[in-house]
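Visitor: I have some time to go through this one with you. Can we start with the charged side chains and move on from there?

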Amino acid sequence: DGHQMAKNGRAGVALAICAIGSFAAGLIALIGLILLANPLASVALKFGPAEYTSLMLLGLLAVSGLGGKSITKALMMTVFGLLLATIGIDSVSGVTRFTYDMPVLYSGLEFLTIAVGLFAVGEVFKAILERESNDGEIAKITRIVPTKQDLKDSSLPIVRGSVLGFFIGVLPGAGATLASFFSYIMEKKISKNPKKFGTGAIEGVAAPESANNAAAGGAIVPLLTLGIPGSGSTAILMSAFIMFNITPGPLLFEEHPDVAWGLIASMFVGNAILLLLNLPMVRVFAKVVETPAKYLIPLIVGFSFFGVYAVQFSIFDLGLLLACGVAGYFLSKNDFPIAPLVLGLVLGPMIENNLRRALTISNGDMMIFIQKPLSLAFIIIGILWILTPLFLKLRGKKLILNEEG
C-alpha cells in the first residue's frame, strides 16, 4: 500500500503516517509494559508448544486473506514457503534435508536473500521488462503533511495495530513480522471496502507499521519479568544485562529498579527522538520517489547485492537472489501473492520445532492440540477463516443461479 501511495504522489503522507504510527505504538507499548507486565508474563507462561504451533498455523491460514483474488494461490504460496523452510540440517536428528550434498545449503536458505529477491529484485525486473507499457511519468509529491481525513482514516488502525502488536510481541518468538501480517489482515477483514487494500489504502500502511513497533515493546515484557528473550534484539539486550551481572527475571524490579525503570524511560526517549528525526526528514526520504528510474534501478540492484553478500559472504546467495528476482516477477505477473511465501519461510522452522516438542511431550499423540483449550480455539478460528469465504462464495453462486432460474 505504501508503494501504491508513492505511485499516486503520496509518498510523503505514507512516510509521515509511518512516523506518527511508530511513535503512537511506542507509547501504547510503553503504557502496556508498565501496567500489564506481570499479568501478561503469567499468561505467556501458559503458552506451550501445542499453543504456539496452533497460533503459527492460524497465522499461515490467516495470511490467505492477503491472497487477493485467489485463496488457493495464497495457500499454494504458503505451502511453498514451508517447503523452502525445511531445507538444511534437521535441528533434532542432524539429518540433512533437500541439500543435495551442497554444503552451502546445510544452514538453510537465508530469509533476507529470498525476501530481497522476491520483492526488490522482482520489482526491478518488472520495471525493466515492462518499461514499454509505462508512460514514463514520475508521480510528483503533492503533499507531506497528512490531511485531516488521512489522520481520521489511520487513527483507529494505528490504535488497533499497536494493541495487537503489543500482545503478539509478548509471546516469545512470535515477533514483529507476525504482528505486522496479523494487523494488516485484521484491517482488511474489518474494512467496509477491503478491495482498496493493495491499491494505496493508508490503513494498510498505518496498522502494520504500528504493530511491528508495538511488538518490539511487547517483546521486552517476558525479558524483564521472566528472563526469557522474546526476540533477537531482546536476546542481545539480555546478554548485555548478564555482562553487568544483572539477571533479568521476577526479581529485576526489586533488586535493580534503576536499571528496569531506566530501560523503560529510555524507550520513551527513543520514541520521541524517532518522531523528531523522522518527520523533518520525510520530505528528503520522499524525494527518492522522484529519482529517475535510470538512476534508481542500478542503486536498488547495488544495495540488494551488497546487502545480501554482506550477510553470509556467499556467491551462492547472489545467484539465489537473481533466481528469486526472476521468480518474483513471474509470480506477481500471474497474480501469485508473495507475502504468504515469505511468512511461510519465517514461520516454518518455528512451527516445526514447536510441533515436534508438543509431540514429544504427548508421546506422539496428536490429540494434544485438541486437548489444550487455547490450541483448540486457534485451530477452530483457523478452520473458520478458510471455510467462511468458501461458504459465502458458494452461497453467492447459488443465489445467482436461483435468480437466473
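Visitor: Is Asp-90 buried or exposed?

Guide: Asp-90 is buried, at 6% relative accessible area. Bear in mind that this is a predicted model.

Visitor: What does Asp-90 form a salt bridge with?

Guide: Its partner is Arg-356, with 2.7 Å between the closest N and O atoms.

Visitor: Where do the two sit in the chain?

Guide: Arg-356 is in helix α15, while Asp-90 is in the loop between β1 (88-89) and β2 (96-97). The two are 266 residues apart, so the salt bridge links distant parts of the chain.

Visitor: And Arg-356, buried or exposed?

Guide: Neither; Arg-356 is partly exposed, with a relative accessible area of 27%.

Visitor: Which residue in α15 forms a salt bridge with Arg-356?

Guide: Glu-352 does, with the closest N and O atoms 3.1 Å apart. Glu-352 and Arg-356 are four residues apart in helix α15, so about one helical turn separates them.

Visitor: Which residues make up the network?

Guide: Asp-90, Arg-97, Glu-352 and Arg-356 are joined into one network by salt bridges that share partners.

Visitor: How many salt bridges are there in the whole structure?

Guide: The search finds five. One of them is between Glu-203 and Lys-196, at 2.8 Å from N to O.

Visitor: How accessible are Glu-203 and Lys-196?

Guide: Glu-203 counts as buried at 11% relative accessibility, and Lys-196 as partly exposed at 28%.

Visitor: Switching to rings. How many aromatic pairs are there?

Guide: There are four aromatic pairs. In one of them, the ring centres of Tyr-184 and Phe-197 are 5.6 Å apart and the planes stand at 90°, so this pair is edge-to-face.

Visitor: Which parts of the chain does that pair tie together?

Guide: Tyr-184 belongs to helix α7 (residues 175-190), and Phe-197 to the loop between α7 and α8 (203-218). The pair therefore ties together parts that are 13 residues apart in sequence.

Visitor: Are those two buried or exposed?

Guide: Tyr-184 is buried at 16% relative accessible area, and Phe-197 is buried at 8%.

Visitor: What about Tyr-309 and Phe-313?

Guide: They form an aromatic pair too, with 5.8 Å from centre to centre and 85° between the planes, which is edge-to-face. Tyr-309 is partly exposed, with a relative accessible area of 33%, whereas Phe-313 counts as exposed at 60%.

Visitor: Which ring does the charged end of Lys-73 sit over?

Guide: The ring of Phe-336, with the charged end 4.9 Å from the ring centre.

Visitor: Now the interior. Which residues of the largest nonpolar core touch the most other members?

Guide: Phe-47, Met-56, Leu-178, Phe-182 and Leu-347, in a core of 21 residues. At least two residues of this core come from each of α3 (49-62), α7, α8 and α15 (339-361). Helix α3 gives the largest share, six residues.

Visitor: What does Phe-47 touch?

Guide: Leaving out residues up to four places away in sequence, Phe-47 touches Tyr-52, Leu-55, Leu-171, Leu-374 and Phe-378.

Visitor: Which residues does the second core include?

Guide: Among its 20 residues are Leu-33, Ala-214, Ile-220 and Leu-263, and this core is separate from the largest one.

Visitor: Different end of the chain. Where is Gly-2?

Guide: Gly-2 is in helix α1 (residues 2-7), and is partly exposed, with a relative accessible area of 30%. Its C-alpha atom is 7.9 Å from that of Ala-201, although the two residues are 199 apart along the chain.

Visitor: Some overall figures to finish. How many helices and strands?

Guide: The protein has 17 helices and two strands.

Visitor: How much of the protein is buried?

Guide: Of the 405 residues, 41% are buried. The accessible surface comes to about 21500 Å², and carbon and sulfur atoms account for 69% of that surface.

Visitor: And what share of contacts is between residues 24 or more positions apart?

Guide: That share is 77%, taken over the contacts with a separation of 6 or more.

Definitions and conventions:
Residues are numbered from 1 along each chain as its sequence is written. This is a predicted model: local features need pLDDT of at least 70, side-chain atom pairs count only at pLDDT 80 or more; totals for chains, interfaces and linings use all residues. Side-chain values use heavy atoms; hydrogens and water are left out. Rings of Phe, Tyr and Trp (its six-membered ring) pair if their centres lie within 6.5 Å; planes under 30 degrees apart count as stacked, over 60 as edge-to-face and the rest as tilted. Buried means under 20% relative accessible area, exposed over 50%, partly exposed in between (1.4 Å probe, protein chains only). A charge sits over a ring if NZ of Lys or CZ of Arg is within 6 Å of the ring centre and within 35 degrees of the ring normal. A nonpolar core is a set of buried Ala, Val, Leu, Ile, Met, Phe, Trp, Tyr and Cys residues joined through side-chain atoms within 4.5 Å. Contact means heavy atoms within 4.5 Å. A salt bridge is a side-chain nitrogen of Lys or Arg within 4 Å of a carboxyl oxygen of Asp or Glu. Accessible areas come from the Shrake-Rupley method with a 1.4 Å probe; for residues, only the protein chains shown count as cover.
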